[in-house]
Amino acid sequence: MSYVDAGYAVALGALFVYAVGLVLRRRRWERALRVSEVPVAETESAPGPGERL
Amino acid sequence: MSEPVPVPGRSRWLDVVGVLGVVAMGVTVWLGLWVTPPDVVQGNLARLLYIHPPIATVALYWVGIVAAGGSLLYLWPRTRSFFWDRLAASAVEVGAVFSALTLVTGSLWGRPAWGVWWTWDARLTSTALLLLLEIGYMALRRVPAEPAIRARRCAVAALLITIDIPIVHFSVDWWQTLHQGGTVLDPGFDLHVHGIMLWTLGIGFLAFSLIFVWLLGVRYQVEVLQDAVGDQELEVSLTERWNEDTELVGVGSGDGEPHPGGGAP
């Protein structure tokens, strides 16, 4: 493999891997947000600070 | 308490930018590897210059503009918003990837051209310093703190990082370096590259710039989602804590009524 081929492979490969990693991170955080929203909805009926039972 | 986190949806314009970036990148690779002729002096090695200067341009100028601009706008009281903080943080992380690629592609060009993988040349050293500073910024961002404190701290750090950018840019003029001066333009704005080589380089600049915008957009979405999940978890923790307290008060009194001064956080 020549230096030129290696340069193109490294640059494009690294950007591709980083881009895929970002998309997977976004998907994971979207899932985490959906999961974390459920308990809030469930506990909405519970009394908040300062409220009496 | 920090401002509520507006969670972004998927953006169509960002998808368009991504597709255009991939197409432009494909054209750059096709022109750079198969269409353009070998250089008179450098031969085929000159083909690396269709990607190295565009990557370096993103790493230095586009990242510098977004990181410094976002940080300044966050620090300025009238424009203070976590939008600018998140944008600057996203730019620095994407910038670290481009800085690393600048060093790697430059090294792959330097080995056959200069005979060494690395030399403590002013341009190379200041670029390596930029990468280290960007990694330091990312470490600083992970230090637990109130969102406003973290944002202010990171904005100052980003501004300190961007001081290195003019040093990288002017290093070839200020010091005697192995690295050549301007690749495309000389100080008198005369073009060094012509014809199909110039077109290839131009499309390369466009391709890497579009890819940068897409990466920045997706990284920004990740940043917003992280903050939103953090807010939700805090809210859940507070609610659970409140429920525990009220249950304890109920058990302690036996009448189900909270006693004055007990339970409320």
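# One face of a helix and a shared core

Reader: Which residues of helix H6 (residues 164-174) of chain B are buried?

Author: In this predicted model, the buried residues of H6 in chain B are B:Asp164, B:Ile165 and B:Val168.

Reader: How do you know where on H6(B) its buried residues lie?

Author: Look down the axis of H6(B): the buried residues fall within an arc of 135°, so they line one face of the helix. A general rule helps here: an α-helix has 3.6 residues a turn, so residues three or four places apart point the same way.

Reader: What makes a residue count as buried or exposed?

Author: A buried residue has 20 or more other C-beta atoms within 10 Å of its own, while an exposed one has 12 or fewer. B:Ile165 is listed as buried, so it meets the cut-off of 20 or more. On the other side of H6(B), B:Asp173 and B:Trp174 are exposed, so each has 12 or fewer.

Reader: What covers the buried residues of H6(B)?

Author: The cover includes three helices of chain B: H2 (52-75), H4 (122-141) and H5 (147-162).

Reader: Why is a set of residues called a nonpolar core?

Author: Its members must be buried, belong to a list of residue types that includes Ala, Val and Ile, and be joined through C-beta atoms within 7 Å. The largest such core has 71 residues, and among those with the most contacts inside it are B:Ile55, B:Val63, B:Ala88 and B:Ile211. Ile, Val and Ala are on the list, so these four have suitable residue types.

Reader: Which elements give two or more residues to this core?

Author: Helix H1 (3-42) of chain A does, together with H1 (12-35), H2, H3 (82-114), H4, H5, H6 and H7 (195-253) of chain B. H7(B) gives the most, with 19 residues.

Reader: What is B:Ile211 in contact with, leaving aside its neighbours within four places in sequence?

Author: B:Ile211 is in contact with A:Leu15, B:Gly21 and B:Met25. A contact needs C-beta atoms within 7 Å, so each of these three meets that limit with B:Ile211.

Reader: How many helices and strands does chain B have?

Author: Chain B has 7 helices and 0 strands, and 40% of its 265 residues count as buried. Chain A has 1 helix and 0 strands, with 17% of its 53 residues buried.

Reader: Where in chain A does pLDDT stay under 50?

Author: That happens over residues 48-53. pLDDT is the predictor's confidence on a scale from 0 to 100, so these residues lie in the lower half of the scale. The mean for chain A is 80.

Technical notes: Residues numbered from 1 in each chain as written. Chains lettered and ligands numbered in written order. Predicted model: local features only at pLDDT ≥ 70, side-chain atom pairs only at ≥ 80, totals over all residues. Contact = placed C-beta atoms within 7 Å. Helix = DSSP H or I, 4+ residues; strand = E, 2+ residues; numbered from the N terminus. Arc of directions from axis to C-beta.
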